[in-house]
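Trainee: I am new to this structure, and I would like to understand how its descriptions are justified. Could we go through some of them together, with the reasoning set out each time?

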Amino acid sequence: MISPQVATIRSFKVVPSLPEPLQPLLTIANNLWWSWHPEAVELFKRLGRDLWEQYHHNPVRLLGNCPQEVLNEAAQDEGFLTSMRRVQDTLCRHLERTPWHTTLKQDGRDMSVAYFCTEFGLTECLPIYSGGLGCLAGDHLKSAAELGMPLVGVGLLYRHGYFQQYLNADGWQQEYYPDLDFSTLPITRVRDEEGRRVMVSVQLPGREVYIGVWKVRVGSIDLYLLDTNTPENNEEDRGITGQLYGGDMEMRIKQEIVLGIGGVRALAALGITPSVFHMNEGHSAFLALERVRVLIEKYDMSFDQARQFAAAGNVFTTHTPVPAGIDRFPSEMIERYFKPFHGALRLDMEGLLALGRENVFDKNEFFSMAILAIRTADWCNGVSRLHGEVSRSMWHSIWPGVPEFEVPIGHVTNGVHARSWLSSDLIQLLDRYLGSQWQNKPADQTVWRSVKDLPDEELWRVHEHSRHRLIVWARRRLCQQLEARGTNPKKARTISDRLDPNALTVGFARRFATYKRANLLLRDSGRLLKMLASTDRPIQFLIAGKAHPADGGGKELIRQLVHFARQSNAGHKLVFIENYDIDVARHLVQGCDIWLNTPRRGMEASGTSGMKAALNGVLNCSVLDGWWDEAYQTDLGWAIGRGETYDNPDVQDDIESNALYDLLEQHILPLFYDRDQHGYPRQWVAHMKKCMAALAPVFNTNRMVREYTEKFYLSAHHRAKMLGQNNMEYAIAHASQTQRLRSAWGQIGFEEAHADTGQPMGVESTLEVSAVVRLGELSPEDVRVQVYWGLLNNDSHITHGGTTDMKHAEDLGQGRHRFVGVVKPVTSGRHGFALRVIPGGEHFKQITVPGMISWDKPDQVQPKAIIADVTVKN
């Protein structure tokens, strides 16, 4: 071996030598479109099923290592060539698809979106993801491709990906990191027209770090991945893109600078100018600062002027229901890394630090990436209905005086990409009975209603085949795991062969964080063992998931499960599958009968594994949290509890574990084993059909991407387009108006308010309200005076009120004005109203400005109200 210190190593690339008729295989292999098309996958399997498994479902590597005689045979096989041409034609039709968004009334033909995320889970052979966030991002790109969206992705290319997991003899998680060979992956280095590597750079303390750019084709979508492992960098900086979620806080801030700032610069170097920037979680929030810097440099603007324009086109999605789960950095670290940067923002360091603080006056508060994203994006959302409520509560203090439900954080419930997670057998069944529309018209979700017409017998046969396939695969994995831990091979085979392909199979697979309570199942081990011992109604559990390398509590949960299985002699009934990834997840969600989820309520932002299971007719049994809180219906699955929360976690665990045991013993097992004379569980299959028909059209990423487009992308695009007119004239005017309003806002006050509330009034009758408002130097056109009204709770607070704009009626002189309005209740009950002032004008219609809301009783954040009893009209 020649040492690099002795001789210069010159690299060269060797590519597969395919016969001419097979050349289309290279195009197919290098576009991850194949990952959600079984007919494309089957092409590669036909070249060598063992190789397909050996190379972890990587078609590029398979083609490079496939024996030449096999390739030559395939080139002469007319059946193979016909199949290949059919797949090639399908890919071409996909690439030529008419963009869905151009059919909308709201014109967005010149819109383009850049979607930033720290991880992307697209397929198991590209392991740059850890779990739910990455798989969601990957599914987002796939659905954007199916809808023909003008979108690009931006992420990091991790040389070692996320860690690979195995358990030692004691059941304790161990980690190792493979070294990914990019030359054998379905990715390509981005080069300019002269063949030179496209490179950008970012400033880190005392040095410049250079970043290479790679491209992944995801159907019609390009995903650009940034890589610091380049000779221009020192050894330490080459490792910035080494591991996903590896290293300490110092490593995280470097990765997030590369992603956010480097990502914006990479797009600019490629000539890509998005009108909308979507920050999927706060890791990429530094992109907002880079966008502001570029605007200041180009248009000679102030920070506030540039921020107004940049924020208009920024969308931020939070995935975290607790502040502790968000990346936060100490002030001194921000000062050190942004010392050469903040001057270009025309901000002093305190001004920059304030952007990441919930309380801008608390100089000891850490700098939060989520708060930076919130303060620099006009469009924010959580990832389920419940998570939206949790997020509005969590960040309420950023908008003081705004009622909590009006905090401008909406929600777009997550989804999953249907074709990526459906079993190939089920896809064929759907093709036969639903036709091609469910695949060829991804924006049309009505076709799922026809699931009810699937014959019970065929659906059950498909499901049983998926379960049998799962058990065969799980037996093989379990045997390998046991032997690796030192179990005698014969004993390992005996244990693994006892997995039952006909037993009720419960799946639990997710990140092993303590709040997900993977050990809730073990709370009453005697009761669990009794279920596991049953021969009349057998049940088995397949469990998978990784704990973060630094999460000792999560690792302990895995160890507890392994020890229980070993010590109780139930190792074949409660099985932990190591090294959870997309391939493991696919087997489990397609073949299990029940999908189990046991988080503490309010801690699960969304959760998508249950959606993947539901697509396949797998019934959910879950705490009412995340997506299941809005999806649950009694005939679609089971709820553990009724959404209660408890102050004592031990009491909560006791109550909810007992509820889980009750559901399994009294409802799930009896229903599953209730068979007719032909051996079919008719009621169970009826639940499967209802589950698929009701949940598949809603909890999928085609719906999700459409909703992002209609709720946020188009609005952001048009608002940014409006503010950017005439060389940023409108953005500059908007910033000036905001500053003028802020300077004069303290002059606003209410002098009197009047409404005839002495007598009950009928439903749909009107209540006239008038008020004298002191505006100081502001004009009536500068503000909106509103009646905020609605039903009262027992504390005389308005809950989920509505607003009515009041009209300017009279100028009373000396900055005093009379406004009048009308309230028209449509329900009976105890109502009330309060008065408030918010900014007015075209530029403020879609946004809520922190600190600019004045109530007639300013000391009350949730204003008490003048009371008016409204009775049913006779």
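Trainee: To begin with, in which helix is the place of M333?

Mentor: M333 has its place in helix α12, and please keep in mind throughout that this is a predicted model.

Trainee: Why is M333 called buried?

Mentor: Buried means under 20% relative accessible area. The relative accessibility of M333 is 5%, so M333 counts as buried.

Trainee: What does M333 touch, leaving out residues up to four places away in sequence?

Mentor: With those set aside, M333 touches M249, E250 and I253, where contact means heavy atoms within 4.5 Å. As for F367, which is 34 residues apart from M333 along the chain, the two C-alpha atoms are separated by 9.2 Å.

Trainee: How do you know whether V292 is buried or exposed?

Mentor: The relative accessible area of V292 is 2%, and the cut-off for buried is under 20%, so V292 is buried. V292 lies in helix α10, residues 286–299, and, leaving aside its neighbours within four places in sequence, V292 is in contact with F303, A306, R307, A310 and L345. The C-alpha atoms of V292 and T799, by contrast, are separated by 38 Å, the two residues being 507 residues apart along the chain.

Trainee: What makes α11 largely enclosed by the rest of the structure?

Mentor: Of the 10 residues of α11, 9 are buried, and therefore α11 is largely enclosed by the rest of the structure. The buried residues include F303, A306, R307 and A310, and the buried residues of α11 pack against α10, β10 (314–317), α14, β13, α28 (701–723) and α29.

Trainee: Why is strand β16 described as largely enclosed?

Mentor: In β16, residues 539–544, 6 of the 6 residues are buried, so the strand is largely enclosed by the rest of the structure. Both of its faces are covered, with I539, F541 and I543 buried on one side and Q540, L542 and A544 buried on the other.

Trainee: How do you know that strand β15 and β16 pair?

Mentor: Two strands pair if at least two bridges are found between them. Strand β15 (residues 504–509) and β16 are joined by 6 bridges and run parallel, so they meet that condition. One of these bridges can be named, since F508 has I543 in β16 as its bridge partner.

Trainee: What makes β21 and β26 edge strands?

Mentor: They belong to an open sheet of 4 strands, in the order β21-β23-β27-β26 with antiparallel pairing. Its edge strands are β21 (749–755) and β26 (807–813), each of which pairs on one side only, and the twist averages 20 degrees from one strand to the next. Strand β23 (residues 767–774) is joined to β21 by 6 bridges, and these two strands run antiparallel, with E752 standing opposite V772 in β23.

Trainee: What is notable about the phi of R517 and of N569?

Mentor: Most residues other than glycine have a negative phi. R517 has a phi near 50 degrees, which is positive in a residue other than glycine, and N569 likewise has a positive phi, near 60 degrees. R517 lies in the loop between β15 and α21 (525–533), while N569 lies in the loop between α22 (552–567) and β17 (574–577).

Trainee: Why is R517 called buried, and why is N569 called exposed?

Mentor: R517 has a relative accessibility of 2%, which falls under the 20% cut-off, so R517 counts as buried. N569 has a relative accessible area of 60%, which is over the 50% cut-off, so N569 is exposed.

Trainee: Which residues line the second largest cavity, and how do they divide by class?

Mentor: The structure holds 8 cavities of 30 Å³ or more, and the second largest has a volume of about 80 Å³. Its lining is made up of V202, Q203, I257, I261, R265, Y337, F338, P340 and F341, which divide into 7 nonpolar, 1 polar and 1 charged residues. The largest share of this lining, 3 residues, comes from α9.

Trainee: Finally, which element gives the most to the lining of the second largest pocket?

Mentor: That element is α29, with 5 residues. The second largest pocket holds about 1,300 Å³ of space, and of the 47 residues that line it, the closest to its centre are W399, R742, T848, V849 and P850.

Definitions and conventions
Residues are numbered from 1 along each chain as its sequence is written. This is a predicted model: local features need pLDDT of at least 70, side-chain atom pairs count only at pLDDT 80 or more; totals for chains, interfaces and linings use all residues. Side-chain values use heavy atoms; hydrogens and water are left out. On a 1 Å grid over the protein atoms alone, a cavity is a set of points where a 1.4 Å probe fits but cannot get out, and a pocket is an open set with protein on both sides within 12 Å along at least five of seven lines; lining residues have an atom within 4 Å of a point. Grid points are joined across faces, edges and corners, and a volume is the space filled by probe spheres set on the points. Buried means under 20% relative accessible area, exposed over 50%, partly exposed in between (1.4 Å probe, protein chains only). Ala, Val, Leu, Ile, Met, Phe, Trp, Tyr, Cys and Pro count as nonpolar, Asp, Glu, Lys and Arg as charged, and the others, Gly among them, as polar. Axes are lines fitted to C-alpha atoms, for helices over the stretch in contact, and angles run from 0 to 180 degrees between N-to-C directions.
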